[in-house]
Amino acid sequence: MTRLILDTDIGTDVDDALALALLIAQADVDLVGVTTVHGHAPLRAAIARSLLEVSGKRHVPVVAGRSIPLRRSSVAGFHWNEMWGHEGAGVLSDAEREVPDDEPTREDAARFIIDAAGRARDPLAVVTVGPVTNLALALQMEPGLAGALGPVTIMGGIVERHMVAWPATFETNLNSDPLAAVIVLGSGLDITLVPLEVTLQVYLDRADRDRLAGDGGPVSKKLVRLIEEMHEPFLGFASKYGLDGSHFDERTYLHDPLAVHVATGGAHATLRDAGIAVEYEGQILRTIDHPERRPNMRVCAAADGPAFVADWMDAVVAV
């Protein structure tokens, strides 16, 4: 049994919800809690609760964390912020989406991580699929946390830069809070990094989405509505920034579900040891592999996309 916390910026891209659905579907996972981060953490918490409630897992705690980063990206006009605005549409009512965010520096999620790690009999795993602000804050608040936590799986970074056609600024999770990334990746935690160049190889196509809509249970139906709500904003975004080959009209990328797959010992990902350093390339935070250095974490180097998608579909379509 894998016991873990999911830390997520659920709501802007649908992949966070797709990752939560995979955790809901896995009988051998004990989801200790969900913590939310970035942009509007309370609204993101409401989205997570709606998925847990329809799946019969309303007992899982959902804790809103910090909405603003420890330090904002220095990239001028950091583009992903333009995507905000449709969070919760399709799964929450207009009234439910009117959630106040009157304490954007809240420490609740960080305290939840610290307390859960302290209560755990066995090392508690953490999967972060958004900016790592909550985990970094927890490490600042409790210096001994790195020794108390179990494995940490992070969706973020670009290690093999040549494999990504988009500008490096399009790596979002680490660049949204570069200080938090420096703190977490330099903490000595048992980290596995699942970078963008690999997650871009894993996606749902139209046939997969049609199956979710036609055969899926209540959670799947909500996922389909979230996919539909993000469709036009993402196409407009791709057009504005000239993201040729983004395939946002045909593909729904499984960035975050792949991180969950890795964290739960999935068979469709290939991991390798790496000596990763966090370095700046101009204003962009980069995860640079230095083969001559002693390995300090694992990196997901490849994934069998079709096999993983098939397993994800079989698991999630039933919930």
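Helices α9 (206–215) and α10 each supply at least two residues of the lining of the largest pocket. The model is predicted. This report starts at that pocket, then turns to the cavities, the cores and one helix.

**The largest pocket**

The largest pocket has a volume of about 230 Å³. Its lining counts 15 residues, and the closest to the pocket centre are Arg209, Ile227, Glu228, His231 and Thr252. Helix α10 gives the most to this lining, with six residues. Sorted by class, the lining of the largest pocket has seven charged, six nonpolar and two polar residues.

**The cavities**

Two cavities of 30 Å³ or more are found in the structure. The second largest cavity holds about 70 Å³ of space. Which residues line the second largest cavity? They are Gly11, Thr12, Asp13, Val14, Ala17, Ile47, His86, Gly88, Ala89, Leu226, Glu229 and Met230. Helix α10 appears again here: the largest share of this cavity's lining, three residues, comes from α10.

The table sets out the pocket and this cavity by volume and lining class.

| Space | Volume | Nonpolar lining | Polar lining | Charged lining |
|---|---|---|---|---|
| Largest pocket | about 230 Å³ | six residues | two residues | seven residues |
| Second largest cavity | about 70 Å³ | six residues | four residues | two residues |

**The nonpolar cores**

The largest nonpolar core has 69 residues. Leu20, Leu31, Leu223 and Trp312 have the most contacts inside it. Helix α10 (residues 218–240) provides the largest share of this core, nine residues. Another core lies apart from it. That core has 37 residues, among them Val63, Leu145, Ile191 and Leu193.

Trp312 deserves a separate look. What does Trp312 contact, leaving aside its neighbours within four places in sequence? Its partners are Leu18, Leu22, Leu204, Leu212, Leu223 and Pro257. One of them, Leu223, is also among the residues with the most contacts inside the largest core.

**Helix α4**

Helix α4 covers residues 108–119, twelve residues in total. From its first C-alpha to its last, α4 reaches 16 Å. That is close to the 16 Å expected at 1.5 Å a residue. Which residues of α4 are buried? Ala109, Ala110, Phe112, Ile113, Ile114, Ala116 and Ala117 are. An α-helix has 3.6 residues a turn, so residues three or four places apart point the same way. Ala109, Phe112 and Ala116 are buried in α4, as are Ala110, Ile113 and Ala117.

Notes: Residues are numbered from 1 along each chain as its sequence is written. This is a predicted model: local features need pLDDT of at least 70, side-chain atom pairs count only at pLDDT 80 or more; totals for chains, interfaces and linings use all residues. Side-chain values use heavy atoms; hydrogens and water are left out. Helices (H or I, at least four residues) and strands (E, at least two) are DSSP runs, numbered from the N terminus. The expected span of a helix is 1.5 Å times one less than its number of residues. Buried means under 20% relative accessible area, exposed over 50%, partly exposed in between (1.4 Å probe, protein chains only). A nonpolar core is a set of buried Ala, Val, Leu, Ile, Met, Phe, Trp, Tyr and Cys residues joined through side-chain atoms within 4.5 Å. Contact means heavy atoms within 4.5 Å. On a 1 Å grid over the protein atoms alone, a cavity is a set of points where a 1.4 Å probe fits but cannot get out, and a pocket is an open set with protein on both sides within 12 Å along at least five of seven lines; lining residues have an atom within 4 Å of a point. Grid points are joined across faces, edges and corners, and a volume is the space filled by probe spheres set on the points. Ala, Val, Leu, Ile, Met, Phe, Trp, Tyr, Cys and Pro count as nonpolar, Asp, Glu, Lys and Arg as charged, and the others, Gly among them, as polar.
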